[in-house]
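Open your viewer and get the selection tool ready. We will go from stop to stop, with a short note on what to pick at each one.

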Amino acid sequence: MTSQSEKAARFLELHRPGNPLLLPNPWDQGSARVLASLGFQALATTSSGFAMTLGRLDGSVTRDEALAHAAAIVAATDLPVSADLENCFAGDPGGVARTVVLAMEAGLAGCSIEDFSGESIYDLGPAAERVAAAAEAAHAGPARLVLTARAENYLHGRPDLADTIARLQAYQAAGADVLYAPGLTSLADIRQVVTAVDRPVNVLAFAGAPSVAELAEAGVSRVSVGGAFAYAALGALADAATELRDKGTYGYLANSAAGRKAIQDAVLSLCSDNSPTRSAPCRSVLPCPHTAASADVSYFQPWV
């Protein structure tokens, strides 16, 4: 089992300009395991994707809920995990620092802090003070969490590139390890951001955003998807349910079979020896299909 400090160090090392870390955002333990089995090297939680699983909209999750969810994602695989902690659930630097300490206790390799309060963008001075408090807390312990500072202008009706760059530069000076301005789609703007700072830059895979190859060429170090994968799964559910309700047909079973295989492969990949007589313990916290209690074929049947 990889230690938390090793995961944090590995997570930071994976941020390579020109060879961006593809950082998918699972929304539960099952999706985390599938993504790990597909070869991704790190994971990040998504506030909007997690809120969706609770039947809520983004911004409605509490700090305790977010941290418990993050701990569950950490426990699902041995990959480094960074948590989307919104504005760290606090307006003052002391509250921000407390949230980051709790994030460290949850076993995370990294976390993020936004400069959006839930109602408005913080003024630059207080926003930088909040990042400084988060960075001090993130770097105080032996794990040295990777702190991502987010400039939220483009997600909240303020498409001001100059102000966004000034904010990212201030967050770099305040101690952030990774910089992120979600919502940027212009390759020229992204290039300006990358050249204006001396920290790895994350770009959100957004409608109209450049391809991963183009982002790599621009020097981007990380590409994340936010809640997009979670909403894609929810969209597939809505499509399947609509087909059944309106047509009475079962075309959705093709995607169902693919999904069933994905989770089977993910669970089996956690077993140290894929045989009923394996001697080493299974790394899966789910019922292992190789134990006597769950070895019958019904384990793999979708209809029970």
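**Stop 1: a cysteine under cover**

Start by selecting Cys88, and keep in mind that this is a predicted model. Cys88 counts as buried, because its relative accessibility is 0%. Now add Cys111 to the selection; with 0% relative accessibility, Cys111 is buried too.

How far is the sulfur of Cys88 from the closest cysteine sulfur? The distance is 5.7 Å, to Cys111, and that is too far for a bond. Seen from the other end, the closest cysteine sulfur to that of Cys111 is the one in Cys88, again at 5.7 Å. A disulfide would need the two sulfur atoms within 2.5 Å, and the count of disulfides comes to 0.

**Stop 2: the strand around Cys111**

Next, show residues 110-114 as a cartoon: this is strand S4, and 5 of its 5 residues are buried. Turn on the side chains and look at each face of S4. Gly110, Ser112 and Glu114 sit on one side, Cys111 and Ile113 on the other, and all of them are buried.

Which strands flank it in your view? Select residues 81-84 to bring up strand S3, which runs parallel to S4 and is joined to it by 3 bridges. Within this pairing, look for Ser82, which stands opposite Gly110 of S4. To follow the chain from S3 to S4, add helix H5 (residues 93-105); the β-α-β crossover that passes through H5 is right-handed.

Then select residues 146-150, strand S5, which pairs with S4 in the parallel sense over 5 bridges. Here Glu114 has Arg150 of S5 as its bridge partner. Adding helix H6 (residues 124-138) completes another unit: S4, H6 and S5 form a right-handed β-α-β arrangement.

**Stop 3: the loop after S3**

Go back to S3 and pick out the loop between S3 and H5, where Glu86 lies. Check the backbone torsion of Glu86: phi is near 50°, a positive value in a residue that is not glycine. Most residues other than glycine have a negative phi. Is Glu86 buried or exposed? Glu86 counts as buried, since its relative accessibility is 12%.

Phe89 is in the loop between S3 and H5 as well. Phi of Phe89 is also positive, at about 55°, although Phe89 is not a glycine. With a relative accessible area of 24%, Phe89 is partly exposed.

**Stop 4: the enclosed spaces**

Rolling a probe the size of a water molecule over the atoms shows where empty space is left. Searching the whole structure gives 2 cavities of 30 Å³ or more.

For the largest cavity, which holds about 60 Å³ of space, keep Glu86 selected and add other lining residues, including Thr45, Phe50, Val61, His69, Ala83 and Asp84. Helix H3 (47-53), helix H4 (63-76) and S3 each supply at least two residues of this lining, and the largest share, 3 residues, comes from H4. Colour the lining by class and you will see 6 nonpolar, 4 polar and 2 charged residues.

Now move to the second largest cavity, with a volume of about 30 Å³. Select Ala181, Leu184, Ile190, Val193, Val201, Asn202 and Val203 to see its lining. Helix H8 (187-196) and strand S7 (201-204) each give at least two of these residues, and S7 has the largest share with 3. The classes here are 6 nonpolar, 1 polar and no charged residues.

**Stop 5: an open pocket**

Finish at the second largest pocket, where about 660 Å³ of space lies. Which residues are closest to its centre? Select Ser47, Asp58, Asp84, Glu114 and Arg150, the closest to the centre among the 38 residues that line this pocket. You have met Glu114 and Arg150 already, as bridge partners.

Two or more lining residues come from each of H3, S3, S4, S5, S7, strand S8 (222-224) and helix H10 (228-246). S3 gives the most to the lining of this pocket, with 3 residues. Coloured by class, the lining divides into 14 nonpolar, 17 polar and 7 charged residues.

Notes. Residues are numbered from 1 along each chain as its sequence is written. This is a predicted model: local features need pLDDT of at least 70, side-chain atom pairs count only at pLDDT 80 or more; totals for chains, interfaces and linings use all residues. Side-chain values use heavy atoms; hydrogens and water are left out. Buried means under 20% relative accessible area, exposed over 50%, partly exposed in between (1.4 Å probe, protein chains only). Helices (H or I, at least four residues) and strands (E, at least two) are DSSP runs, numbered from the N terminus. Two strands pair if DSSP finds at least two bridges between them. A crossover is right-handed if, with the strands pointing away from the viewer, the path from the first strand over the helix to the second runs clockwise. On a 1 Å grid over the protein atoms alone, a cavity is a set of points where a 1.4 Å probe fits but cannot get out, and a pocket is an open set with protein on both sides within 12 Å along at least five of seven lines; lining residues have an atom within 4 Å of a point. Grid points are joined across faces, edges and corners, and a volume is the space filled by probe spheres set on the points. Ala, Val, Leu, Ile, Met, Phe, Trp, Tyr, Cys and Pro count as nonpolar, Asp, Glu, Lys and Arg as charged, and the others, Gly among them, as polar.
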